[in-house]
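Visitor: I would like to learn how to read a protein model. Please take me through it feature by feature.

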Amino acid sequence: MRRLGIPLAAGLLVTIGALALISSPANSDTTADLNLIDTVVAVRPIEAGTSTDDLDGLVEIRQLPAQARANGALTNIDQLPAGTLVADHVAGQQVLTTSIADDPIDAIGDDLVAVSVRLDPQRWTGPFTTTGAVVDIYETSDIDTTLIVSEAQIIDAPDTAELDPRSEAVITLAVPVDGVTAVITAASTGQIWMVGR
C-alpha cells in the first residue's frame, strides 16, 4: 500500500497543479481573446494628404487590448471612407474616424483655400514633383522677386513624367486666405514661381 500511495499522491499533485495553471487568469486564452479587438494600424509612416485609396500596404489589422484602443479607432480596412488623411501617421499609430477628411482642403485646415494656377514646368517642378509638397510662392518681375506666400501646399498636380517640358500645367494649391489675392494676381500676369522646401 505504501508503494502505491506515493505514486498516487504524486499524480494527484501534478493533476491539481495542471488544473490550477489552466484556470489561472494569466494563462486563460478565453480571457485574453475577449479583450482583443481588431484595429486598423499604420505599418509605416504615412503623410498627411494621402488618399485612402492609396493606403494599400500602408495599414493592416492588428489585435489590440480594448483598453489600448483610441476612441473612434477603425476595426476593418473596409471601413476606411473615401477621403484624405488629416495628419501624418507613424508606424503603429491607430487610424481613427477623425483621421480622415472628405478632401485635401478639409484635411489641411480651415485657414486655407484652394487656388489653381497655370504654370510652365520650370516654374514649379523642381525638387517637388508630387502632390503634398510644401512650397514657397514668389512673384517675379524684371527688377525684383518677392515672397508672397510661405508654406503653401500642392494638393493636385499632373504627373511630371507625362509632361511636355514646353507645355503649361494647372497646379492646385492650398494657400492662406490672406495670400489668395497676391497668388491670383501673380499667376494672371505670368509672374509666379514656386520654390520647394
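Guide: We will go from the overall layout to the sheet, the cores and a few single residues. Keep in mind that this is a predicted model.

Visitor: Where do I begin, and how many helices and strands does the protein chain have?

Guide: Begin with the inventory of elements. The protein chain has four helices and nine strands. Read from the N terminus, their order is α-α-β-β-β-β-α-β-β-β-β-α-β.

Visitor: What share of the 197 residues is buried?

Guide: Buried residues account for 31% of the 197. The chain exposes about 12300 Å², of which carbon and sulfur atoms supply 53%. Contacts add to this picture: among those with a separation of 6 or more, 61% are between residues 24 or more positions apart.

Visitor: How should I read a sheet, and which strand order does the open sheet have?

Guide: Strands of a sheet pair through backbone hydrogen bonds, and the pairing is either parallel or antiparallel. Here, five strands form an open sheet in the order S5-S8-S7-S6-S9, with antiparallel pairing. S5 and S9 are the edge strands; each has a single partner, so one side of each has no neighbour in the sheet. From one strand to the next, the twist averages 45°.

Visitor: Over how many bridges do S6 and S7 pair?

Guide: S6 and S7 pair over six bridges, in the antiparallel sense. Within this part of the sheet, isoleucine 137 stands opposite valine 149 in S7. Helix H4 packs on the sheet and touches S5, S6, S7, S8 and S9, with its direction at about 10° to that of S5.

Visitor: Next, the nonpolar interior. Which residues of the largest nonpolar core touch the most other members?

Guide: Those are Ile137, Ile171, Leu173, Val175 and Val183, in a core of 19 residues. At least two core residues come from each of S5, S6, S7, S8, H4 and S9. S8 gives the largest share, four residues. Leucine 173 shows how such a residue is surrounded: beyond its neighbours within four places in sequence, its contacts include Val113, Val117, Ile137, Ile155 and Met194. Apart from this core lies another, of eleven residues, with Val40, Ile46, Leu55 and Leu80 among them.

Visitor: Now a polar residue. Is threonine 39 buried or exposed?

Guide: Threonine 39, in strand S1, has a relative accessible area of 0%, so this residue counts as buried. Its side chain makes a polar contact of 2.7 Å with the side chain of arginine 69. Leaving aside neighbours within four places in sequence, threonine 39 also contacts Glu60, Leu64 and Gln94, among others.

Visitor: Why does histidine 89 count as buried, although it is in a loop?

Guide: A loop position does not settle the matter; look at the area. Histidine 89 lies between strands S3 and S4, and counts as buried because its relative accessibility is 4%, under the 20% cut-off. A 3.3 Å polar contact joins the side chains of histidine 89 and serine 99. Beyond four places in sequence, histidine 89 touches residues including Ala42, Pro45 and Val95.

Visitor: What is the relative accessible area of serine 116?

Guide: The value is 46%, so serine 116 is partly exposed. This residue sits in strand S5, and its side chain makes a polar contact of 2.9 Å with that of threonine 172. Leaving aside neighbours within four places in sequence, serine 116 is in contact with Val170, Ile171 and Thr172.

Notes:
Residues numbered from 1 in each chain as written. Predicted model: local features only at pLDDT ≥ 70, side-chain atom pairs only at ≥ 80, totals over all residues. Heavy atoms only, no water. Buried < 20%, exposed > 50% of the residue type's maximum accessible area, 1.4 Å probe, protein only. Polar contact = N/O pair within 3.5 Å; in protein donor to acceptor, adjacent residues only side chain to side chain. Contact = heavy atoms within 4.5 Å. Core = buried A, V, L, I, M, F, W, Y, C linked by side-chain atoms within 4.5 Å. Areas by Shrake-Rupley, 256 points an atom, 1.4 Å probe, with all protein chains shown as cover. Pairing = 2+ DSSP bridges. Axes fitted to C-alpha atoms, helices over the stretch in contact; angles between N-to-C directions.
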